[in-house]
Amino acid sequence: MSLIFGISYSSHDTAVAVLKDGEVLCIYEEEKLRGVKSCYDVYMSPDNCFDRIKKEHNLELKDADYISFASFYKKSIVSENLDVFAGKTHEVSHHLSHTLGAYFTSGMDGKVLSVSHDGKGNRSRGKVVLCENGEYEVIHSQYIPTTASIAGLWAATTYYLGWRQLKDEGKVVGLAAHGKFSQRFYDHIKNCVYYDKDLNFKPANFESLFHYVCTNVYKPEGVFENKETRADFAYCLQLVTEECMKEYLTDLKNRYPSYNKLCLSGGLFANVKLNMFINDLGLFDEIYIHPAMSDSGLALGSAIKIANDIGDVTKPFRLKNAFLGEKHSKEDWDSILKENSQNVSYEPMTYNKVGELIDKGFVVGVFIGRTEYGPRALGNRSIVVKPTDKDTHRRLNEKLRRTEIMPFAPSVLAEYSDEIFDIKKSKHTAEFMTICFDTKKEWLDRIPAVVHDVDGTARPQIVYKDNNPNFHKIISEYKKISGIPLVLNTSLNAHGEPINNYPHQVIKHLIDDSIDYLVTENYIIYKNKK
Ligand SMILES: [Fe+2]
């Protein structure tokens with residue numbers, strides 16, 4: 001039994017995971033510790049992660065029995081820096097880290113296909129791994145330069161629609177729902193990517209894929225002259241992506257018909273509508289998407305690979321929750337409240353009062369326990385609002401100074417999830433808010449703030465009492481008053497920031513009126529009246 005440090009570095013999403021005797025002890029992500037989206041600096045070193053591991057767990061790299069690292073390039077900067085630990089360090093390929101991270105945290109028994117897709121990593125755009133009862137075999141890799149990257153097309157589209165690539169792809173997914181079919185756009189995109197019947201995606205013209213994309217498809221002048229044509233382009237990109245994945249997964253299933261479960265990882269599967277499409281294809285009995293599907297997932301995945309090699313992790317397990325980051329003490333809060341006493345006041349926290357505030361329509365920040373691992377706020381660093389007002393999307397965007405196009409997501413008590421959403425399968429992955437489902441007709445008008453007004457879908461987080469007790473209690477208290485067993489949940493951060501990790505970041509949101517109340521383990525905090 002061993003101590004393993006898993007490091008994701010020299011890509012975007014630098015992170016460090018620690019496994020102790022096969023258990024996930026903690027995972028820190030550099031962007032949250034720095035308060036800066038990692039897509040702005042792909043070479044963030046993991047210094048702050050190491051600092052927190054020392055501070056919160058009294059462990060250092062020198063204590064590790066094994067150090068795994070997954071990187072973007074073959075020979076990474078971190079491998080050179082870790083030469084001092086020669087003999088302990090092990091490089092795990094990018095897509096093996098993605099696929100094994102997903103498989104071993106899925107809890108899936110029996111035969112499982114684990115598939116990854118992203119822009120690129122270690123000269124590859126994706127892998128297919130056959131898994132069964134803790135053993136695995138890599139059967140395919142999509143090698144650069146002859147293969148096309150669907151995720152790359154999404155990044156390019158995001159950029160040319162005027163948003164930030166590797167960050168705002170979700171806005172393109174949201175925009176797609178408002179578009180319609182355009183033969184011109186469809187043909188352009190098909191020229192950039194098609195499925196080639198050999199488990200590879202190919203570009204019709206791979207030599208100049210990005211040149212082509214940038215000059216012919218995304219020519220800014222005239223092409224996106226109005227909102228409709230932008231939405232039509234996004235619609236066609238989503239359509240081609242779904243068509244490609246359908247052909248690819250159908251081919252894969254035909255080759256391995258006894259594999260009825262599917263794990264997905266890599267940035268492409270941040271696309272919650274694509275995940276819903278795959279779930280609804282009928283090819284697999286269950287799908288699971290890694291909670292940290294982008295490159296911060298590599299930290300855990302590479303560590304799990306080593307843990308499997310040495311016998312610390314022999315079978316897939318279920319991540320109980322994603323609360324694996326930094327925790328702040330009552331003393332931290334006391335100190336920040338004292339510093340800000342001119343601006344804010346507080347009272348003791350009671351769940352009943354939090355339920356009342358939500359029911360009264362206030363925008364409530366929740367900062368409890370450890371920061372979430374991955375891109376979704378799951379109740380520890382969340383903003384919570386009642387889901388019953390149609391106008392909430394506009395009001396929240398205005399209040400939070402955001403430009404969300406996708407509807408806000410609901411967090412629902414597990415006991416009521418099937419009553420409200422049409423969840424035929426893949427319920428486990430919805431604990432991490434990585435997939436959409438249809439909303440049942442009778443609920444559409446009751447919870448308009450969390451349902452897509454175009455197609456009636458929602459992206460629920462299913463909240464279990466055992467795995468997420470604080471959030472379960474907050475939603476339960478709101479239900480006692482309102483009869484509604486769900487709340488709107490969006491991440492606790494300002495526009496352009498990662499999920500907030502520090503008390504001083506969230507106190508600012510109270511002071512600038514982005515939120516009305518802030519809830520911690522001990523306090524309900526509010527802005528002083530002038
Ligand atoms: Fe990746």
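Which hand, left or right, does the crossing of helix 14 and helix 18 have? In this predicted model, the crossing of these two helices is right-handed, and the residues that bring them together can be followed one by one. On the helix 14 side, the contact involves Tyr351, Asn352, Val354, Gly355, Glu356, Ile358 and Asp359, while helix 18 contributes Lys473, Ile474, Glu477, Tyr478, Lys480, Ile481 and Ser482. Sorted by class, the residues of this contact comprise 6 nonpolar, 3 polar and 5 charged.

Two packed helices are described by the angle between their axes and the distance between the axes. For helix 14, which spans residues 351–359, and helix 18, which spans residues 469–482, the packing angle is about 60 degrees and the axes lie 8 Å apart. Helix 14 and helix 18 are therefore oblique to each other.

A second pair can be read along similar lines. Helix 13, made of residues 330–339, and helix 19, made of residues 503–511, have axes that come within 10 Å and that cross at roughly 45 degrees. Because of that angle, helix 13 is oblique to helix 19, and the crossing in which helix 13 passes helix 19 is right-handed.

Where the two helices of this second pair meet, Asp332, Trp333 and Ile336 belong to helix 13, and they face Pro503, His504 and Ile507 of helix 19 across the contact. The contact of helix 13 with helix 19 consists, by class, of 4 nonpolar, 1 polar and 1 charged residues.

Methods. Residues numbered from 1 in each chain as written. Predicted model: local features only at pLDDT ≥ 70, side-chain atom pairs only at ≥ 80, totals over all residues. Axes fitted to C-alpha atoms, helices over the stretch in contact; angles between N-to-C directions. Helix = DSSP H or I, 4+ residues; strand = E, 2+ residues; numbered from the N terminus. Parallel < 35°, antiparallel > 145°, perpendicular 65-115°, else oblique. Left-handed = near helix turned anticlockwise from the far one by under 90°. Contact = placed C-beta atoms within 7 Å. Nonpolar A, V, L, I, M, F, W, Y, C, P; charged D, E, K, R; others polar.
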